[in-house]
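Me: Please take a close look at the sheet of this model. I want to know how its strands are joined, what packs against them and what lies at their ends.

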Amino acid sequence: MKLQVAIDLLTTEAALELAGQVAEYVDIIELGTPLIKAEGLPVITAVKNAHPDKIVFADLKTMDAGELEADIAFKAGADLVTVLGAADDSTIAGAVKAAKAHNKGVVVDLIGIEDKVTRAQEVRALGAKFVEMHAGLDEQAKPGFDLNGLLRAGSEARVPFSVAGGVKLETIADVQKAGADVAVAGGAIYSAEDPALAAKQLRAAIA
Ligand SMILES: O=C([C@H](O)CO)[C@H](O)[C@H](O)COP(=O)(O)O
């Protein structure tokens, strides 16, 4: 299972600093949606230039104009981009078309989708490289939030998947047991007192 750090910080400088601290422990560096909104496409280029050996994941959360949005992010240096599962199939297909043209990939984020299993299978058939079983930061903050629903959906869908939803040291082994291809950790790394140590421990927990 791969480890993905989600960088939900707001400046390119902070993102580069964090990426530099944790790169040796992660496979995928995610530039979070708030970061891309704050800094634009140049943050993708800056991180890819600094870490050409890493998979750079641009969390665009595209909802429309799939081909166009994916194309500009791939041109900026992204290896993977996200499209929302709630988007029209044609939006997902458009992003997949751009990915094929650049030899890159599309990840479909199932945030907010009720029936994640069915949609995962549909978008995989449209050409998604993998799906993200995702509970966003707001959903995680609601009382009673539980990662297990995402893990069950991932196991049942029988397509390649990542899990994002407050994954931390105490839960990352469960993510691996559920059969995930990628574990995404944001706050567990960037909010840690020592992000490098946090990333190292997460990596060790799945080694
Ligand atoms: O995608 C994310 C969220 O929507 C804000 O951009 C997060 O990067 C993702 O949820 C992973 O972060 P944590 O939940 O803090 O692990």
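Reply: What follows starts with the strands, then goes to the helices, the core, the ligand and a few single residues.

This is a predicted model; local features need pLDDT of at least 70, side-chain atom pairs count only at pLDDT 80 or more, and totals for chains, interfaces and linings use all residues. Numbering starts from 1 along each chain, as its sequence is written.

First, the sheet. Eight strands close into a barrel, in the order E1-E2-E3-E4-E5-E6-E7-E8, and the pairing is parallel. On average, neighbouring strands of this sheet are turned by 25° against each other, direction ignored. Strands here are DSSP runs of E with at least two residues, helices are runs of H or I with at least four, and both are numbered from the N terminus. Two strands pair if DSSP finds at least two bridges between them. Strands of a sheet pair through backbone hydrogen bonds, either parallel or antiparallel.

Two of the joins show the detail. E2 (residues 28–31) and E3 (residues 55–62) run parallel and share four bridges. There, isoleucine 29 faces valine 56 of E3. E5 (residues 105–109) also runs parallel to E6, with three bridges. Valine 108 has valine 131 in E6 as its bridge partner.

E6 deserves a stop. Five of its five residues are buried. Buried means 20 or more other C-beta atoms within 10 Å of the residue's own; exposed means 12 or fewer; partly exposed is in between, and C-beta atoms are placed from the backbone. Phe130, Glu132 and His134 point one way from E6, while Val131 and Met133 point the other way.

Now the helices. H1 (residues 12–22) lies across E1 (2–7) and E2, at about 155° to E1. H8 (residues 148–157) lies across E6 (130–134) and E7 (161–164), at about 175° to E7. These angles run from 0 to 180 degrees between N-to-C directions; axes are lines fitted to C-alpha atoms, for helices over the stretch in contact. H4 (residues 66–76) has a set of buried residues: Gly66, Glu69, Ala70, Asp71, Ala73, Phe74 and Ala76. They pack against H3 (42–50), E3, E4 (80–84), H5 and E5. Glycine 77 follows H4, and its phi is positive, near 125°.

Next, the core. The largest nonpolar core has 73 residues. Such a core is a set of buried Ala, Val, Leu, Ile, Met, Phe, Trp, Tyr and Cys residues joined through C-beta atoms within 7 Å. Those with the most contacts inside it are Ile7, Leu31, Ala58, Val81, Val106, Val163 and Ala183. H5 (residues 89–102) gives the most to this core, with five residues. In soluble globular proteins, nonpolar side chains tend to be buried together.

Take valine 81. Neighbours within four places in sequence aside, valine 81 is in contact with Ala58, Leu60, Thr62, Ala70, Ala73, Ala95 and Val106. Contact means that C-beta atoms, placed from the backbone, lie within 7 Å.

The ligand comes next. It is surrounded by 18 residues, and the closest are Ala6, Gly32, Ala164, Gly186 and Gly187. A residue counts as near if its C-beta atom, placed from the backbone, lies within 6 Å of the molecule. H2 (33–39), H7 (137–140), E8 (182–185) and H10 (187–190) each supply at least two residues of this shell. By class, the shell has eight nonpolar, eight polar and two charged residues. Ala, Val, Leu, Ile, Met, Phe, Trp, Tyr, Cys and Pro count as nonpolar; Asp, Glu, Lys and Arg as charged; the others, Gly among them, as polar.

Last, single residues. Most residues other than glycine have a negative phi, and most peptide bonds are trans. Lysine 61 has a positive phi, near 50°. Lysine 61 sits in E3. Lysine 61 counts as buried because it has 20 C-beta neighbours inside 10 Å. Arginine 158 also has a positive phi, about 55°. Arginine 158 is in the loop between H8 and E7. With 12 C-beta neighbours inside 10 Å, arginine 158 therefore counts as exposed.

Aspartate 181 lies in the loop between H9 (172–177) and E8. Aspartate 181 has 16 C-beta neighbours inside 10 Å, so it counts as partly exposed. Phenylalanine 161 is 20 residues away from aspartate 181 in sequence and 5.6 Å away in space, C-alpha to C-alpha. Beyond four places in sequence, the contacts of aspartate 181 are Met1, Lys2, Phe130, Pro160, Phe161 and Ser162.

Note on methods:
Two residues are in contact if their C-beta atoms, placed from the backbone, lie within 7 Å.
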